[in-house]
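Let's take a walk through a protein structure together. Keep the picture open beside you, and find each part as we come to it.

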Amino acid sequence: MANPSILILAGDGIGPEVMAEVKKIIGWMGDKRGIHFDVSEDLVGGCAYDAHGTPLTDATMARAQAADAVLLGAVGGPKYDKLDFSVKPERGLLRLRKEMDLYSNLRPAQCFDALADFSSLKREVVAGLDIVIVRELTSGVYFGEPRGIFKEGNERVGINTQRYTESEIARVARSAFELARKRNNKVCSMEKANVMESGILWRDVVTEVHDREYPDVELSHMYADAGAMQLCRWPKQFDVIVTDNLFGDLLSDAAAMLTGSLGMLPSASLGAPMANGRPKALYEPVHGSAPDIAGQGKANPIACILSFAMALRYSFDLGEEATRVEKAVEKVLADGVRTADLMGPEGGSPVSTGQMGDAIISALDASL
Ligand SMILES: NC(=O)C1=CN([C@@H]2O[C@H](COP(=O)(O)OP(=O)(O)OC[C@H]3O[C@@H](n4cnc5c(N)ncnc54)[C@H](O)[C@@H]3O)[C@@H](O)[C@H]2O)C=CC1
Ligand SMILES: CC(C)CC(=O)C(=O)O
Ligand SMILES: [Mg+2]
């Protein structure tokens, strides 16, 4: 039987740097565990624009559709900021999410014990934290029409449209309830039903799906602004948070700091099941291309490595191997290995991106 296929789209900025460390772990899985993948690579984002004049070619899109899993680094950078919106690097990623129909974006925020003192919040607020934000990923204001910058009289007006259908809300709600059943059975849905009609519909549909299909799961609702405050005040009150595309983007960056650094947060973007029963899937760190540290060997590869662990669990049914990778990360952090983003203002001796990857490989060796 053919090996499962992985398409790597490392992208821009620190994307290729953190992905290099994932490739070491893929190699380790083959050498030490006999788990082999057919890995191929392609371009997305600014590098694809440089090569082809578009942030995602149709050929790359087709390869992503055919892969068992896509691993993405990050896209974007100042070099591309002035490009026409239609060819900006970020549009390549949005097209992947939309055309693969990856509607459920799982963004776990877990605070490793070794980092509990490093978070900007007090240890007791974050120690033991383990929550998941389920972000709707294929609709909402990032995709709604009309959109654009138009002339209105003597001035320009910028328009984006928040649009959600009942079925789009219902399917991501189901994904959150299913996940909660495997965890602590609690879902908090966040929107702004006080000021947005799409928020009213969101609250109604989540409640209907809950009452009809998941009455055993504890459901609460919160306005997203209050939710941001509660995430900083007492994040451990949450188990699963389900929210729309924009609020999920913001809330997950905020949740990253509960874990110590944006360089720690992985994500899985999941769609409908494929013929093999596994979901169509793309895995990527929550962070972006970090132009301020790109090319300096400073990036923390853990978010990208933990995203690969999610791929092992959700796309390849290799939950034990996923846990092995997560435990290796935990051990390395417990041993005090830190990239620069995990150093306090007092400083210290950070390791490079490559050294962090090597330390995780050593911890994997030690796990055998
Ligand atoms: N999924 C994606 O590809 C995303 C792409 N972007 C793009 O990335 C570019 C930069 O955006 P920013 O707002 O600066 O967000 P960013 O996430 O790239 O960086 C924010 C801050 O976090 C730091 N940081 C991020 N990841 C890190 C890591 N792994 N290790 C250490 N430090 C890390 C950066 O150095 C920076 O100070 C933009 O073009 C943006 O559109 C932003 C978010 C997601
Ligand atoms: C298209 C991305 C650049 C938007 C974003 O920040 C994200 O998805 O986390
Ligand atoms: Mg974001």
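What follows is a guided tour that moves from the sheet to the helices, the ligands and a few backbone details. Please remember that this is a predicted model.

Begin with the sheet. Ten strands make it up, and it is an open sheet with mixed pairing. If you trace across it, you meet the strands in the order β2-β1-β3-β12-β11-β4-β5-β10-β8-β9. Strands β2 (38–42) and β9 (218–223) stand at the edges, and each has a single partner strand, so one side of each is left without a neighbour in the sheet. From one strand to the next, the twist averages 25 degrees.

Now zoom in on one pair of strands. Strand β8 (residues 186–191) and strand β10 (residues 240–243) run parallel and are joined by four bridges. As an example, M190 has T243 in β10 as its bridge partner. Helix α7 (residues 197–213) lies across β8, β9 and β10, and it runs at about 160 degrees to β8.

Next, turn to helix α1, which covers residues 15–33. What should its 19 residues span, at 1.5 Å a residue? The expected span is 27 Å, and the end C-alpha atoms are 26 Å apart, which agrees. Several residues of this helix are buried, among them P16, V18, M19, V22, I25 and M29. Against what do the buried residues of α1 pack? Their partners are the strands β1 (5–11) and β3 (69–74), together with the helices α10 (302–314), α11 (319–334) and α12 (353–366). After α1 comes G34, with a positive phi near 65 degrees.

Let's move on to the ligands. Ligand 1 has 22 residues around it, and those that come nearest are G76, G263, H287, G288 and N300. The shell around ligand 1 divides into eleven nonpolar, seven polar and four charged residues. Around ligand 2 you will find E90, L93, L94, D249 and V286. Helix α4 gives the largest share of that shell, three residues. Here the division is three nonpolar, no polar and two charged.

One residue from the shell of ligand 2 deserves a closer look. L93 is found in helix α4 (residues 89–99). Is L93 buried or exposed? A residue counts as buried when 20 or more other C-beta atoms lie within 10 Å of its own, and L93 has 24, so L93 is buried. Leaving aside residues up to four places away in sequence, L93 touches V44, G45 and V75. L93 and G76 are 17 residues apart along the chain, and their C-alpha atoms are separated by 9.8 Å. You have already met G76, as one of the residues that come nearest to ligand 1.

Finally, look at the backbone itself. Most residues other than glycine have a negative phi, and most peptide bonds are trans. D101 has a positive phi of about 55 degrees although it is not a glycine. D101 sits in the loop between α4 and β4 (104–110), and it is partly exposed, with 16 other C-beta atoms within 10 Å. D317 also has a positive phi, near 55 degrees. D317 lies in the loop between α10 and α11 and is partly exposed, with 14 other C-beta atoms within 10 Å. As a last stop, find the cis peptide bond that joins E145 and P146, where omega is about 0 degrees. P146 is found in strand β6 (residues 144–152).

Definitions and conventions. Residues numbered from 1 in each chain as written. Chains lettered and ligands numbered in written order. Predicted model: local features only at pLDDT ≥ 70, side-chain atom pairs only at ≥ 80, totals over all residues. Near = placed C-beta within 6 Å. Nonpolar A, V, L, I, M, F, W, Y, C, P; charged D, E, K, R; others polar. Helix = DSSP H or I, 4+ residues; strand = E, 2+ residues; numbered from the N terminus. Expected span 1.5 Å × (residues − 1). Buried ≥ 20, exposed ≤ 12 C-beta atoms within 10 Å, placed from the backbone. Contact = placed C-beta atoms within 7 Å. Pairing = 2+ DSSP bridges. Axes fitted to C-alpha atoms, helices over the stretch in contact; angles between N-to-C directions.
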